[in-house]
Amino acid sequence: MITDPISDMFVRIRNANAKLHEKVDIPSSKVKTEIARVLKEEGYIANYKHIEDQKQGVLRVYLKYDNGKAVLQGIQRVSKPSLRIFKGHEELPKVLGSFGIAVVSTSKGMMSSKKAKEAKVGGEVIGYVW
């Protein structure tokens, strides 16, 4: 049994990315689909899609490469089930001096730290992507 499904998603993406796989399959949920949407909007993955099966479904994430090099250099979980990290819009972190993003769960949905600052909303910092 997985105690932190978002960490599992991040690890699967990190491992597939390191091995230069074209795609990675992850057990699906609404939160994971929203994280994949943010990653696609920010250009870190090529695409994603939900595949129905007889259980919860599968989230297939298509990884993005540029001249054989991974676009997504790193992905790290910040807020965990044992320690939730919440930040206001003025406290949202800059990842690698604004080269990366923080994925933030806000009252207006899942979004990147850049969009959360523009919308002036804070929330739970799910993870960092660079």
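**Close-up views of salt bridges and nonpolar cores**

**View 1. Lys115 is partly exposed, with a relative accessible area of 36%.** The model shown here is predicted. Glu41 is likewise assigned to the partly exposed class, since its relative accessible area of 44% lies between the limits of 20% and 50%. The side chains of Glu41 and Lys115 form a salt bridge, with an N to O distance of 3.2 Å. This pair connects distant parts of the chain, as Glu41 belongs to helix α2 and Lys115 to helix α3 (residues 113-119), 74 residues apart.

**View 2. A salt bridge within helix α2 joins Arg37 and Glu34.** The N to O distance between the two side chains is 2.8 Å. Both residues lie in the helix, 3 residues apart, which corresponds to about one turn. Arg37 has a relative accessibility of 22% and therefore counts as partly exposed. Glu34 is also partly exposed, at 31% relative accessibility.

**View 3. Arg84 and Glu124 form a salt bridge between a loop and a strand.** Their closest N and O atoms are 3.0 Å apart. Arg84 is located in the loop between β6 (75-77) and β7 (86-87), while Glu124 is in strand β10, so the salt bridge ties together parts that are 40 residues apart in sequence. Arg84 is partly exposed, with a relative accessible area of 43%. Glu124, by contrast, is buried because its relative accessible area of 12% falls under 20%.

**View 4. Glu34, Arg37, Glu41 and Lys115 belong to one salt-bridge network.** The four residues are joined through salt bridges that share partners. The model contains 7 salt bridges in total.

**View 5. The largest nonpolar core consists of 23 residues.** Among its members, Met9, Ile13, Ile35, Leu39, Val103 and Val129 touch the most other members. At least two residues of the core come from each of α1 (5-18), β1 (23-27), α2 (30-41), β3 (58-63), β8 (101-106) and β10 (123-129). Helix α1 provides the largest share, with 5 residues. Nonpolar side chains in soluble globular proteins tend to be buried together.

**View 6. Ile35 touches several residues from other parts of the sequence.** When residues up to four places away in sequence are not counted, the contacts of Ile35 are Ile6, Met9, Phe10, Val103, Met110 and Ile126.

**View 7. A second core of 9 residues is separate from the largest one.** Val78, Val104, Val121 and Val125 are included in this second core.

Definitions and conventions. Residues numbered from 1 in each chain as written. Predicted model: local features only at pLDDT ≥ 70, side-chain atom pairs only at ≥ 80, totals over all residues. Heavy atoms only, no water. Core = buried A, V, L, I, M, F, W, Y, C linked by side-chain atoms within 4.5 Å. Buried < 20%, exposed > 50% of the residue type's maximum accessible area, 1.4 Å probe, protein only. Helix = DSSP H or I, 4+ residues; strand = E, 2+ residues; numbered from the N terminus. Contact = heavy atoms within 4.5 Å.
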